[in-house]
Amino acid sequence: SCSEITLMLSALARNPPPKMLLNLSVIRCVIHVSIPLNIETWMSGNERGAEVLLEYFGLGFAVPSAERMELILALSWLYSVRWAIGGMLMSGGLPLFTSIRVSLLHVIIHQGIPATLACIDGVPKELTFLDYTAAGMAVTAAILQHGAELQRFFFKVRAANKGKLYMSGLFGFAQFINHTGHIINDFSQAILHRSFLYSAVGFLAIGLLCFQVTPETITHLKTKYKEQYEVYAKRTPWLFIPFVW
């Protein structure tokens with residue numbers, strides 16, 4: 001809401017981030033926002049990087065239809081903008097080169113590879129019900145992942161909430177609903193590009209986020225917030241899917 005944005009800006013004005021953090025945020029924003037500007041050229045421009053790459057692996061190349069290209073570019077912009085915002089909010093916890101590496105890995109795995117898969121000869125060139133389903137999943141993923149993290153960020157920047165654990169908003173439905181959004185996005189790309197191979201990225205995300213990152217984060221929350229996390233765990237016992245898991 002406007003009031004939350006005003007509070008966030010006033011808090012940042014009183015406690016401006018260090019210069020390194022500002023520089024890092026700018027770098028991450030440039031990395032993410034520059035990707036959609038080059039996706040169309042990669043797929044169908046004069047250089048056709050996707051064609052060269054697919055031919056190297058012995059796969060046929062075909063330029064996607066105009067409507068499929070528009071959908072891919074729209075989803076690429078959605079992904080870039082939300083990760084540019086996420087980068088600004090989360091850069092403070094990562095060293096410089098680690099933060100940049102995370103951004104580069106995300107754009108390669110979640111934008112570069114899917115854009116290449118879209119050009120494989122045999123992928124439907126016209127949009128179907130599956131494509132619109134995949135697009136809906138991608139939008140849902142954006143809301144769950146970065147929508148949740150924005151809510152938490154607005155909570156954290158308020159001085160009155162210093163030292164408090166955020167337990168409401170989307171995080172009130174599941175403790176790691178942001179991870180759920182990440183996984184949904186991976187499978188949306190697999191559906192959009194008809195790639196069983198890319199679904200492996202989704203299963204890899206499940207393995208890393210659910211069975212490595214989540215246990216480590218729970219340990220951290222228990223150590224830092226103690227009784228607050230116990231209350232949160234009782235109120236919201238589900239980790240990823242409300243009433244299921």
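Student: Is Cys 119 buried or exposed?
Tutor: This is a predicted model, so keep that in mind: local features need pLDDT of at least 70, side-chain atom pairs count only at pLDDT 80 or more, and totals for chains, interfaces and linings use all residues. Residues are numbered from 1 along each chain as its sequence is written, and side-chain values use heavy atoms, with hydrogens and water left out. Buried means under 20% relative accessible area, exposed over 50%, and partly exposed in between (1.4 Å probe, protein chains only). Cys 119 has a relative accessible area of 0%, so Cys 119 is buried.

Student: And what about Cys 210, buried or exposed?
Tutor: Check its number against the cut-off again. Cys 210 has 7% relative accessibility, so Cys 210 counts as buried.

Student: How many disulfides does the structure hold?
Tutor: To count as one, a pair of cysteine sulfur atoms must lie within 2.5 Å. For this structure, the number of disulfides is 0.

Student: Cys 210 is in α8, right where I'm looking. Where does helix α8 bend?
Tutor: Helices here are DSSP runs (H or I, at least four residues), numbered from the N terminus. The bend at a residue is the angle between axes fitted to the seven residues ending there and the seven starting there. Helix α8 covers residues 199–225 and bends by about 35 degrees, with a proline, Pro 215, following within four residues of the bend, which sits at Val 213.

Student: Which helices do the buried residues of α8 pack against?
Tutor: The buried residues of α8 include Ser 199, Gly 202, Ala 205, Leu 209 and Cys 210. Further along α8, Thr 214, Ile 218, Leu 221 and Tyr 225 are buried too. The buried residues of α8 pack against α6 (129–156), α7 (177–192) and α9 (227–235).

Student: Which residue follows α8, with a positive phi?
Tutor: Look just past the end of the helix, where phi is near 50 degrees. The residue there is Lys 226.

Student: Which residues does Ile 191 touch?
Tutor: Ile 191 sits in helix α7. At 28% relative accessible area, Ile 191 is partly exposed. A touch means heavy atoms within 4.5 Å. Not counting residues up to four places away in sequence, Ile 191 touches Leu 130, Ala 134 and Met 137.

Student: How many Å apart in space are Ile 191 and Ala 134, C-alpha to C-alpha?
Tutor: Along the sequence, these two are 57 residues apart. In space, C-alpha to C-alpha, Ile 191 and Ala 134 are apart by 6.0 Å.

Technical notes: Helices (H or I, at least four residues) and strands (E, at least two) are DSSP runs, numbered from the N terminus.
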